[in-house]
Amino acid sequence: MSVSVQAEDFDVGAEMAALAEGRTDIGAIVSFTGLVRDMAKGAAISDMELEHYPGMTEKALKEIEAQANARWDLQGSRIIHRYGRLAPGARIVLVLTASPHRQAAFEAAEFLMDYLKSRAPFWKKEGTAGGGHWVDAREADEDALKRWDQE
Amino acid sequence: MQVLYFAWLRERIGIPREEVETSAVTVADLVAELRGREPRYELAFSDMKSVRVALDQELSSLDASLDGVREVAFFPPMTGG
């Protein structure tokens, strides 16, 4: 289990290799990478500014990761979330989950992403030709969270 | 206590954090007190449906008690990932 909140980019392949380093019991690693898109609601995005709450962010991500590890039989997990100014195409977030069989890794990765979308203290501001604006939280993201309570 | 503001709350109020001397009992009392200060606070807290609060870095609610709390943070719904 490990969490990083950083301005720097990350190397997906290197992170995956590090998670499996020295182990032969892992059967599946699921990897999710979130990227900055160049369009939002029909407007071109010049860049994205990611603000966060230092201290609380690390705490919230560790709590979410611990929840996923309590719920699924994971052999490893890794969360990296960037902050600061990012260009279109840049990597924002990485979630890795490892398990003996694929289902736990798939589900846990989805759970982690659903939780950090609306429970980790990050705020996105998109830059457009008409100025910057804060991204609104999506109803769909809140709904995505609820399904984990029902199961 | 330290009061922190993030995203558009920070922009509307114009500062990221400040020390506030208050005898407010709940978060809602503190918000009412801040709103009474100046128009920029009134504007920032005009739509409380869009405001979330954390007490000592844990998500909380507007009716929560401020007893023993050292750090209060106000921010819009989170948009990570």
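**A tour of chain A and its neighbour**

Begin by selecting all of chain A, where buried residues make up 29% of the 151 residues. Bear in mind throughout that this is a predicted model.

With chain A still selected, colour by secondary structure, and 4 helices and 10 strands should appear. Followed from the N terminus, these elements run β-α-β-β-β-β-α-β-β-β-α-β-β-α. The radius of gyration of chain A is 16 Å, close to the 15 Å that the globule rule gives for 151 residues, so the chain is as compact as a globular protein of that length. Taken along the principal axes, the C-alpha atoms of chain A fill a box of roughly 50 × 35 × 30 Å. If you display contacts with a separation of 6 or more in chain A, 75% of them are accounted for by residues 24 or more positions apart.

Next, select β7, β5, β9 and β10 of chain A, which form an open sheet of 4 strands in that order, with antiparallel pairing. The edge strands are β7 (84-86) and β10 (131-134) of chain A, each of which pairs on one side only. Neighbouring strands of this sheet are turned by 25 degrees against each other on average, with direction ignored.

Within this sheet, centre the view on β5(A), residues 47-52, which pairs with β9(A) in the antiparallel sense over 6 bridges. Two positions help to follow the register: A:Met48 has A:Glu126 of β9(A) as a bridge partner, and A:His52 has A:Phe122 of the same strand, β9(A), as a bridge partner. Turning to β7(A), you will find that its antiparallel pairing with β5(A) extends over 3 bridges, and that A:Gly84 in β7(A) is the bridge partner of A:Leu50.

Now show the side chains of β5(A): which of them point to the face where they are buried? They are A:Met48, A:Leu50 and A:His52, whereas A:Asp47, A:Glu49 and A:Glu51 point to the other face and are not buried. Such a pattern is expected because, in a regular strand, the side chains alternate between the two faces of the sheet.

Move on to A:Ile79, which is found in strand β6 (residues 76-82) of chain A. A:Ile79 counts as buried because 25 C-beta neighbours lie inside 10 Å, the threshold for a buried residue being 20 or more. Leaving aside neighbours within four places in sequence, select its contacts, A:Val3, A:Leu61, A:Glu65, A:Val95 and A:Leu112. For a distance check, pick A:Gly89, 10 residues apart from A:Ile79 along the chain, and the two C-alpha atoms will be found separated by 19 Å.

Bring chain B into view and select the interface, where 21 residues of chain A are in contact with 13 residues of chain B. On the side of chain A that touches chain B, α2 (56-71), α3 (102-119) and β9 (122-128) of chain A each supply at least two residues, and α3(A) gives the most, with 5 residues. By class, this side of chain A has 12 nonpolar, 4 polar and 5 charged residues.

Finish in chain B by selecting strand β1 (residues 2-5), which pairs with strand β2 (residues 17-19) of chain B in the antiparallel sense over 3 bridges. β1(B) also pairs with strand β5 (residues 71-75) of chain B, here in the parallel sense and over 4 bridges. B:Gln2 is a useful residue on which to end, since B:Gln2 stands opposite B:Glu19 in β2(B) and has B:Glu71 as its bridge partner in β5(B).

Key:
Residues numbered from 1 in each chain as written. Chains lettered and ligands numbered in written order. Predicted model: local features only at pLDDT ≥ 70, side-chain atom pairs only at ≥ 80, totals over all residues. Rg over C-alpha atoms; globule rule 2.2 N^0.38 Å. Buried ≥ 20, exposed ≤ 12 C-beta atoms within 10 Å, placed from the backbone. Contact = placed C-beta atoms within 7 Å. Nonpolar A, V, L, I, M, F, W, Y, C, P; charged D, E, K, R; others polar. Pairing = 2+ DSSP bridges. Axes fitted to C-alpha atoms, helices over the stretch in contact; angles between N-to-C directions.
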